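Got a few minutes to poke around a fold? Take a look at the sequence and the coordinates first, then we'll go through some questions.

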Amino acid sequence: MDSYPLYSLSYYEPNTRGAPKRFVEGAKGLFEEHTEEEKKRLMEEHCSKISTDKVIAYCHYCIRGLNLGGKQGIHLARLLFEPENV
């Protein structure tokens with residue numbers, strides 16, 4: 001799992017439906033229930049590794065995680081349809 005960025009809040013929730021099999025197998029500590037405080041701490045930790053304030057993502061769970069971690073998560077579609085607001 002180290003090769004995958006962990007910015008998605010879905011990694012810290014118990015629902016694995018729809019998650020790729022390779023993400024679930026061997027994902028110790030992931031896809032388990034975490035408190036809101038734990039999620040915030042984990043997202044802040046991951047986001048501290050990003051050198052920019054704005055981060056583009058296409059996954060809404062990643063946007064939520066980036067925002068929770070203190071970054072401005074921007075959906076990729078906004079670059080296409082609302083570039084003046086990015």
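What follows is a round of questions and answers on this predicted model.

Q: Which residues of helix α3 are buried?
A: Helix α3 takes in residues 60–68. The arc covered by its buried residues is only 165° around the axis, which means they sit on the same side of α3. Those residues are C62, I63, G65 and L66.

Q: What covers the buried residues of α3?
A: The buried set to be covered is C62, I63, G65 and L66. The cover includes one helix, α2 (36–47), and the strands β1 (54–57) and β2 (72–75). So, going by contacts within 4.5 Å, the names to note are α2, β1 and β2.

Q: Which residue just after α3 takes a positive phi, and of about what value?
A: Look just past the end of the helix, at G70. The phi of G70 is positive, at about 100°.

Q: How far is K71 from the nearest side chain of opposite charge?
A: K71 sits in the loop between α3 and β2, and K71 is buried. A salt bridge would need a side-chain nitrogen within 4 Å of a carboxyl oxygen, and K71 has no such bridge. The nearest side chain of opposite charge belongs to D53, and the distance is 4.3 Å.

Q: Which backbone oxygen does the side chain of K71 reach?
A: Setting aside neighbours within four places in sequence, K71 is in contact with C47, I50, T52, D53, V55 and L66. One of these supplies the backbone oxygen, which the K71 side chain reaches at 2.8 Å. That residue is T52.

Q: How many disulfides does a search of the whole structure find?
A: A disulfide calls for two cysteine sulfurs within 2.5 Å. Take C59: the closest cysteine sulfur is that of C62, and at 3.6 Å the pair is too far apart for a bond. From the C62 side, the closest cysteine sulfur is in C59, again at 3.6 Å and too far. The search comes back with 0.

Q: In the salt bridge of K39 and E36, which residue is buried and which is exposed?
A: The two side chains meet at 3.4 Å, N to O. Both residues lie in helix α2, 3 residues apart, about one turn of the helix. E36 counts as exposed because its relative accessibility is 55%, whereas 5% makes K39 buried.

Q: Which residue forms a salt bridge with E45?
A: The partner lies in helix α2, as E45 does, 4 residues apart, which is about one turn. An α-helix has 3.6 residues a turn, so residues three or four places apart point the same way. E45 is partly exposed at 38%, and its partner is partly exposed too, at 47%. With the closest N and O atoms 3.6 Å apart, the partner is R41.

Q: How far apart are the closest N and O atoms in the salt bridge of R78 with E82?
A: This is one of the 4 salt bridges that the structure holds. R78 is partly exposed at 27%, and E82 is partly exposed at 33%. The closest N and O atoms are 3.3 Å apart.

Q: What separates the C-alpha atoms of L79 and I56?
A: L79 lies in helix α4, residues 76–81, and counts as partly exposed at 37% relative accessibility. Beyond its neighbours within four places in sequence, L79 is in contact with I56 and V86. L79 and I56 are 23 residues apart along the chain, and their C-alpha atoms are separated by 8.7 Å.

Definitions and conventions:
Residues are numbered from 1 along each chain as its sequence is written. This is a predicted model: local features need pLDDT of at least 70, side-chain atom pairs count only at pLDDT 80 or more; totals for chains, interfaces and linings use all residues. Side-chain values use heavy atoms; hydrogens and water are left out. Buried means under 20% relative accessible area, exposed over 50%, partly exposed in between (1.4 Å probe, protein chains only). Helices (H or I, at least four residues) and strands (E, at least two) are DSSP runs, numbered from the N terminus. The arc is that of the directions from the helix axis to the C-beta atoms. Lys and Arg count as positive and Asp and Glu as negative; His and the chain ends are not counted. A polar contact is a pair of N or O atoms within 3.5 Å; within protein, one must be able to donate a hydrogen and the other to accept it, and residues adjacent in sequence count only if both atoms are side-chain atoms.
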